[in-house]
Amino acid sequence: MSDERILLGHGSGGRMMHRLIREVMAPAFDVSGFGDAALLAEAGPGRLAFTTDGYVVSPIFFPGGDIGDLAVNGTVNDLAVSGARPLALSAGFVLEEGLALGELRQIVDSMARAAREAGVAIVAGDTKVVGRGSCDRLFITTAGIGVVAPGRELSAQQIRPGDAVLLSGRCGSHGIAVMAERNGLTFEPPVLSDTAALNGLVEAMFATGTAIRVMRDPTRGGVATTLKEFALESGRRILVREADIPVLPGVTGACDLLGLDPLYVANEGILLAVAAPGDAPALLAAMRAHPRGRDAAIIGEVAREEDARVLLQTAAAGTRILDMLPGEQLPRIC
């Protein structure tokens, strides 16, 4: 393609748009047909899971990832922590006039690579072009469909007193990586986004046959907000220990410097799970045996009290109440 930047004509529905799709999107996503809908093979027994999410992160390239792999991983993870095996995704692009085609190719290639690594296909899409100043280079919306195998029932309402709370990895990396790139800050060692697909880890967890009550990926609002969601939905008090919550030293240092709490900083490649107490050690071992769960830890327990509070035992032996993030700590991080 000789054009170097996106023009309004690339969203016209005519020759320019067809050429953009044929030369940029279709080869990356290995799409051969251009009908109005993708037809999927029957997926066997189970319930269908369906999700969608929009991605407007700024900047679109950041340490450890970009808006493309973020859009794929985020939707894959929404399906996976619901207990679903992701099957296929769609991708909708809003492109700003003037976007460099080289950047679009880089994003599309990143999406294709993330989809291959997650074992899902990108089978449908849409492209619109808006005028200069109408969006910030490009926005992506992905939707995903998956299948929940018979017998898988995940719900915070299943949480019981004594259950263990597990975290699959170190928290706060994504939000700090995006914030640092946006503001021209550097840390040593650099903090990279944790953006990654979690469906492989989730399948490894289910393979243990342990009693997993609920799973969720703590993205916007961070670990603290997701724990509060569990508490509210179950009506139970949750106790967590600050010393057991894994956080990269670089994230801790950045948060101390900027006055942020890593428990409220966004993540894109970790999950929280609640499991029966007797099953927690086996589940933790399975998580640590998977590349996406090497830093997994049991960070707390569910108490008998029915006050829907989350209490953090601090490293200084004090106690602090964790509530939901009241506003927007770091905007446009996904």
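Trainee: How far apart are the centres of the positive and the negative side chains in this chain?

Mentor: Keep in mind that this is a predicted model, where local features need pLDDT of at least 70, side-chain atom pairs count only at pLDDT 80 or more, and totals for chains, interfaces and linings use all residues. Residues are numbered from 1 along each chain as its sequence is written, and side-chain values use heavy atoms, with hydrogens and water left out. Lys and Arg count as positive and Asp and Glu as negative, leaving out His and the chain ends, and each charge is placed at NZ of Lys, CZ of Arg, CG of Asp or CD of Glu. That gives 30 positive and 39 negative side chains, and the distance between the two centres is 2 Å.

Trainee: What is the radius of gyration of the chain?

Mentor: The chain has 8 helices and 13 strands (DSSP runs numbered from the N terminus: helices are H or I with at least four residues, strands are E with at least two). For 334 residues the globule rule gives 20 Å; that rule is 2.2 Å times the number of residues to the power 0.38, and the radius is taken over C-alpha atoms. The chain is close to that, so it is as compact as a globular protein of that length, with a radius of gyration of 21 Å.

Trainee: What share of the 334 residues is buried?

Mentor: Buried means under 20% relative accessible area, exposed means over 50%, and partly exposed is in between (1.4 Å probe, protein chains only). By that cut-off, the buried share of the 334 residues is 50%.

Trainee: Which element gives the most to the largest nonpolar core?

Mentor: A nonpolar core is a set of buried Ala, Val, Leu, Ile, Met, Phe, Trp, Tyr and Cys residues joined through side-chain atoms within 4.5 Å. The largest one here has 50 residues, and Phe-29, Phe-93 and Met-111 are among those with the most contacts inside it. Elements that supply two or more residues include helix H1 (15-29), strand E4 (84-96) and helix H3 (101-118). With 9 residues, the top contributor is H3.

Trainee: How many residues are in the other core?

Mentor: This core lies apart from the largest one. Its members include Ala-156, Val-274, Ala-297 and Leu-312, and its size is 25 residues.

Trainee: Is Glu-268 buried or exposed?

Mentor: Glu-268 lies in the loop between H7 and strand E10 (272-275). Leaving aside neighbours within four places in sequence, its contacts (heavy atoms within 4.5 Å) include Asn-77, His-174, Asp-194 and Cys-334. Asn-77 is 191 residues away in sequence, yet 8.5 Å away in space, C-alpha to C-alpha. The relative accessibility of Glu-268 is 6%, so Glu-268 counts as buried.

Trainee: Which residue does a cis peptide bond join to Glu-188?

Mentor: Omega is about 0 degrees for this bond. The partner sits in the loop between H4 and helix H5 (199-206). It is Pro-189.

Trainee: And what is the peptide bond from Ser-58 to Pro-59, cis or trans?

Mentor: Pro-59 is found in the loop between strand E1 (47-55) and strand E2 (61-62). Omega is near 0 degrees, and the bond from Ser-58 to Pro-59 is cis.

Trainee: What is the relative accessible area of Asp-30?

Mentor: Asp-30 lies in the loop between H1 and E1. Although not a glycine, Asp-30 has a positive phi of about 55 degrees. Asp-30 is exposed, with a relative accessible area of 69%.
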